[in-house]
Structure formats: C-alpha cells, structure tokens
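Hi,

Here is the structure I promised to pass on to you. Have a look at it first, and then read on for my notes.

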Amino acid sequence: MPTIVPAATRTMTLLEVFAREKRELSNSDLARLMDLPESSCSDLLHTLHELGYLLRTARSRRFYPTARLLTVAKEISASDPLYAVGAEACELLRDRTGETGLCGRLESGVVKVIALSEGRHALRYMQHVGDKLALHVSALGKAILAIGTPEEAARQLRLKPLRSLASGTITDLSELEAQVARAREQGWIWVENEGSEGLTAVAVAGQIGGETLALSVAGLTHRMRDQRERCIEALQEVKAVVFREQQPVSSPASSSSSTSSRRGTKAPPPDEP
C-alpha cells in the first residue's frame with residue numbers, strides 16, 4: 001500500500017511557502033513557517049541548494065528558488081501533461097458508450113479540446129485535438145462553469161458574443177446562468193441541438209492538480225436519448241477514477257437541462273472576439 005513520503009511533502013511545502021511569501025527567507029524563517037525543527041529545515045535547504053534549486057545570498061545567507069525549477073516545469077508542460085489523462089478517459093467513455101468521448105478545458109471564453117476518442121458508429125461526433133468550441137453551446141464548457149462560482153460563470157459567458165447556431169442555442173444570459181446553476185446542483189449537464197441540429201452531449205467536470213477539466217460523451221440525439229442513463233453513469237464512473245472522487249449519480253430524469261454538440265461533421269467554430 002503506497003504511503004506519503006514526508007521528505008517529498010516538505011519539499012513541496014517549502015516551494016509553496018516561497019510562492020506565497022515572494023521574498024528571500026532564512027532557515028529560521030522557513031522552519032517557523034513550515035513548523036519544522038531548524039535542523040530538519042536546514043538539511044532540506046542544503047539538499048535543494050546543492051541540487052541547484054535554491055540560491056543563497058552571500059551576506060544575509062537567505063534562500064530563494066533559482067530559475068532551474070521554472071526550466072524543469074516548462075519542459076514538463078511543453079508536452080501538455082494532461083493529454084495522457086484526458087486521452088485515456090476518452091477511450092474509457094468511448095468503450096462504455098460507443099459514442100465519442102471528449103476532454104476539454106476553458107481558455108479565454110472558449111473550450112479547447114485536449115483529447116478525444118471517436119465513436120464506433122458510422123455517423124458520429126467529429127472533432128480534433130486543439131479545436132476550440134463556443135462556450136455558450138458547449139457541454140464541456142458549461143460543465144466546467146458549473147463547478148466554479150456563479151460569478152465566474154457569468155463573467156466567462158460575457159467574454160464572447162452569443163451567436164445562435166441551432167434551434168436549441170441559448171443566447172439569453174440569464175437563461176444560460178440558470179442552466180449552469182442546474183448543472184451545478186446535479187453534477188452533470190445534458191445538451192441537445194445547441195451547437196448543431198441532431199446532436200447531443202452530456203458532460204461532467206473536475207480538477208487535476210488545480211486544473212479544471214471536463215469530460216463529455218457526444219453523439220446523434222436519438223442514440224443519446226436511448227442510452228441517456230448509461231452515458232451519465234459512464235461519465236460519473238470515469239470521473240471518479242480520473243479526478244479521484246466519488247459522487248452519487250443523479251437521476252437522469254431529474255434534469256431537463258440541455259447543452260449540445262455536433263454530428264459527424266466538424267463542430268462550429270468558436271465565437272470571434
């Protein structure tokens with residue numbers, strides 16, 4: 001059974017202290033802020049200093065992180081560390097429902113697709129990694145807004161023009177905010193005919209390492225309606241694995257909330273600034 005490594009915990013705590021304090025700190029400062037014996041803190045600082053992750057001033061003998069930490073972080077993030085997690089989740093959703101599984105995150109008022117697995121049907125939802133979707137018609141986007149505050153949801157929905165793209169598109173801000181509020185209560189959001197006619201999507205969201213992501217199942221409306229409960233259950237199961245949390249599954253019949261996706265054609269582009 002895996003256990004927590006105290007030395008690793010102390011190292012990350014030390015870096016978080018520097019991020020919070022934003023100043024050079026002495027051994028005694030850090031020992032006090034981390035509630036550690038000065039001897040233990042001194043050993044930790046010495047180790048990180050020797051490895052090149054901390055510098056030490058000549059006169060005051062205070063410590064501060066070097067650029068090496070930033071360099072390592074940039075190298076790691078360059079390949080998008082969330083892609084592997086999202087891709088695996090999308091495959092699980094595809095395998096359990098037969099429909100297209102997607103993973104996305106919010107970027108400046110639109111939703112960026114970071115991973116997907118195409119459905120097994122000849123007519124299926126099509127999308128590409130890197131594509132951006134208009135937030136006000138995206139199940140992925142509204143699921144992300146639903147786990148944030150109402151104030152942040154309102155702000156994001158005002159960043160882009162609300163264009164009508166299909167018969168179910170919602171362009172009224174108060175109605176959109178109410179839709180997100182319902183999703184917040186039940187833990188998932190169902191969308192029909194908002195971005196394209198005849199297409200439906202259902203989505204959930206959660207956090208990994210402080211980054212908010214959404215997972216979605218999308219396909220033709222008649223197929224999605226036929227397996228509505230199955231799709232929602234699959235999303236909740238995969239969500240529990242991906243985001244390391246367990247939440248009760250709401251009854252699919254309890255919501256009339258709707259959000260959308262697209263057909264076997266490419267989804268509509270995001271709204272222009």
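Below is what I found, starting with a pair of helices and moving on to a sheet.

Please keep in mind that this is a predicted model.

The helix pair is α6, residues 139-146, and α8, residues 173-186; their axes lie 8 Å apart and the packing angle is about 70 degrees. With angles of 65 to 115 degrees counted as roughly perpendicular, that makes α6 roughly perpendicular to α8. The crossing of α6 past α8 is right-handed. On the α6 side the contact is made by Lys142, Leu145 and Ala146, and these meet Leu176, Gln179, Val180, Ala183 and Arg184 of α8. By character, the residues in this contact are five nonpolar, two charged and one polar.

Now for the sheet. Six strands form an open sheet with antiparallel pairing, and reading across gives β5-β4-β3-β8-β7-β6. The edges are taken by β5 (132-134) and β6 (189-192); each has a single partner strand, so one side of each has no neighbour in the sheet. On average, and ignoring direction, neighbouring strands here are turned by 35 degrees against each other.

At the β6 edge, the pairing with β7 (residues 199-208) is antiparallel and runs over four bridges. Trp190 sits opposite Val202 of β7 there. Helix α10, residues 228-242, packs on the sheet and touches β6, β7 and β8 (211-220). The direction of α10 makes about 15 degrees with that of β7.

Happy to talk it through whenever suits you.

Best wishes

Terms used. Residues are numbered from 1 along each chain as its sequence is written. This is a predicted model: local features need pLDDT of at least 70, side-chain atom pairs count only at pLDDT 80 or more; totals for chains, interfaces and linings use all residues. Side-chain values use heavy atoms; hydrogens and water are left out. Axes are lines fitted to C-alpha atoms, for helices over the stretch in contact, and angles run from 0 to 180 degrees between N-to-C directions. Helices (H or I, at least four residues) and strands (E, at least two) are DSSP runs, numbered from the N terminus. Angles under 35 degrees count as roughly parallel, over 145 as roughly antiparallel, 65 to 115 as roughly perpendicular and the rest as oblique. A crossing is left-handed if the near helix is turned anticlockwise from the far one by less than a right angle, and right-handed if clockwise. Contact means heavy atoms within 4.5 Å. Ala, Val, Leu, Ile, Met, Phe, Trp, Tyr, Cys and Pro count as nonpolar, Asp, Glu, Lys and Arg as charged, and the others, Gly among them, as polar. Two strands pair if DSSP finds at least two bridges between them.
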